[in-house]
Amino acid sequence: MAARTAPDDLVRLHDLTLGYRRHPAVHHLSGAFRAGSLTAVVGPNGAGKSTLLKAIAGTLRPLSGRVVLTGAQRRDIAFLPQQAEIDRSFPIDVLDTVLLGHWRRVGLFGAVTRRQIEQAGEALAAVGLPGFERRPIGALSAGQFQRVLFARLLVQDARLILLDEPFTAIDARTTADLLDVVRRWHGEERTVVAVLHDIEQVRAHFPDTLLLAREAIAWDRTDDSLTAANLKRARAMAEAWDESATPCRRSTP
């Protein structure tokens, strides 16, 4: 499909191909995320959704093509991976976890200020966890831990926020509270990109949608992207994937 670009783009993707061990997971994706947009990335399992977020965050090098930050720098990005990728066995409490959101400003060995500690407490209150500062993260439920991670994002104060399956395996009340935080970010004109599976949730809360099945099926306003025909096409492409496809040659982004 044709690339979508505009003067107010924050992130542009130019003929982007991503993969692992040279086997592509995302094929020739072009388009852009506008500054201040709220976009869901949806598609079948294995469609390359998480891979795309890692490339935008800068943790995965493209096989070919480019990710261009037209209105931001790497330090302006906050990335929340899936909970399964986070080690909760490390002996750290809730407050120190939230304070990690300040690390770009204070460095790995810098001292946090009293005001930064206050901001961490305010962020915990904003996600419904006042008084949890000294609890170990290993003692939290999945929903409580996700609230802590959102509090860390609040402290990080980033222009571009990437969320990988942020509402998976958490209860309905926590999901509703964290969706309020997402709406707050949108109201502050931050750019939010979230990988999601719940189509009705996307329809209700996310104005824009990228429907991905290793290549873009649709990238538009949500109602226009999530048509029955587009969803059927995404399912058909998922069923036709060839895991033994020839590896791609790497080129310099």
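I take two residues to be in contact when they have heavy atoms within 4.5 Å of each other. I also keep in mind throughout that the model I am reading is a predicted one.

**Entry 1: a tryptophan and its surroundings.** I looked up what Trp-185 touches, leaving aside its neighbours within four places in sequence, and I found Phe-150, Leu-153, Leu-154, Ile-161, Leu-163, Arg-190 and Val-192. Trp-185 also appears, with Phe-150, Leu-163, Val-182 and Phe-206, among the residues that touch the most other members of the largest nonpolar core, a set of 49 residues. I then asked which helix gives the most to this core, and it is α5, residues 142–156, with 8 residues. I noted beside this that, in soluble globular proteins, nonpolar side chains tend to be buried together.

**Entry 2: another core.** I found a second core, separate from the largest one, which has 27 residues and includes Val-11, Leu-18, Ile-77 and Trp-219.

**Entry 3: helix α6.** I checked the length of α6, which runs over residues 172–187: at 1.5 Å a residue its 16 residues should span 22 Å, and its end C-alpha atoms are indeed 22 Å apart, so the two values agree. Next I listed the buried residues of α6, which are Thr-174, Thr-175, Leu-178, Leu-179, Val-181, Val-182 and Trp-185. Because these cover an arc of only 155 degrees around the axis, they lie on the same side of α6. On the other side of α6 I found Ala-172, Arg-173 and Gly-187 exposed. I also followed what the buried residues of α6 pack against, and the list holds β3 (38–42), α5, β6 (160–164), β7 (191–195) and α7 (199–205).

**Entry 4: strand β1 and its partners.** I traced β1, residues 9–20, and saw that it pairs with β2, residues 23–34, in the antiparallel sense over 8 bridges. Within this pairing, Val-11 has Phe-33 of β2 as its bridge partner, and Val-11 is a residue I had already noted in the second core. β1 also pairs with β4, residues 64–69, again in the antiparallel sense, over 5 bridges, and here His-14 stands opposite Arg-66 of β4.

**Entry 5: the chain as a whole.** I counted 9 helices and 9 strands in the protein chain. Of its 253 residues, 49% count as buried, while the chain exposes about 12,300 Å², of which carbon and sulfur atoms supply 50%. Finally, I looked at the contacts in the chain with a separation of 6 or more, and residues 24 or more positions apart account for 71% of them.

Key. Residues numbered from 1 in each chain as written. Predicted model: local features only at pLDDT ≥ 70, side-chain atom pairs only at ≥ 80, totals over all residues. Heavy atoms only, no water. Core = buried A, V, L, I, M, F, W, Y, C linked by side-chain atoms within 4.5 Å. Buried < 20%, exposed > 50% of the residue type's maximum accessible area, 1.4 Å probe, protein only. Helix = DSSP H or I, 4+ residues; strand = E, 2+ residues; numbered from the N terminus. Pairing = 2+ DSSP bridges. Areas by Shrake-Rupley, 256 points an atom, 1.4 Å probe, with all protein chains shown as cover. Expected span 1.5 Å × (residues − 1). Arc of directions from axis to C-beta.
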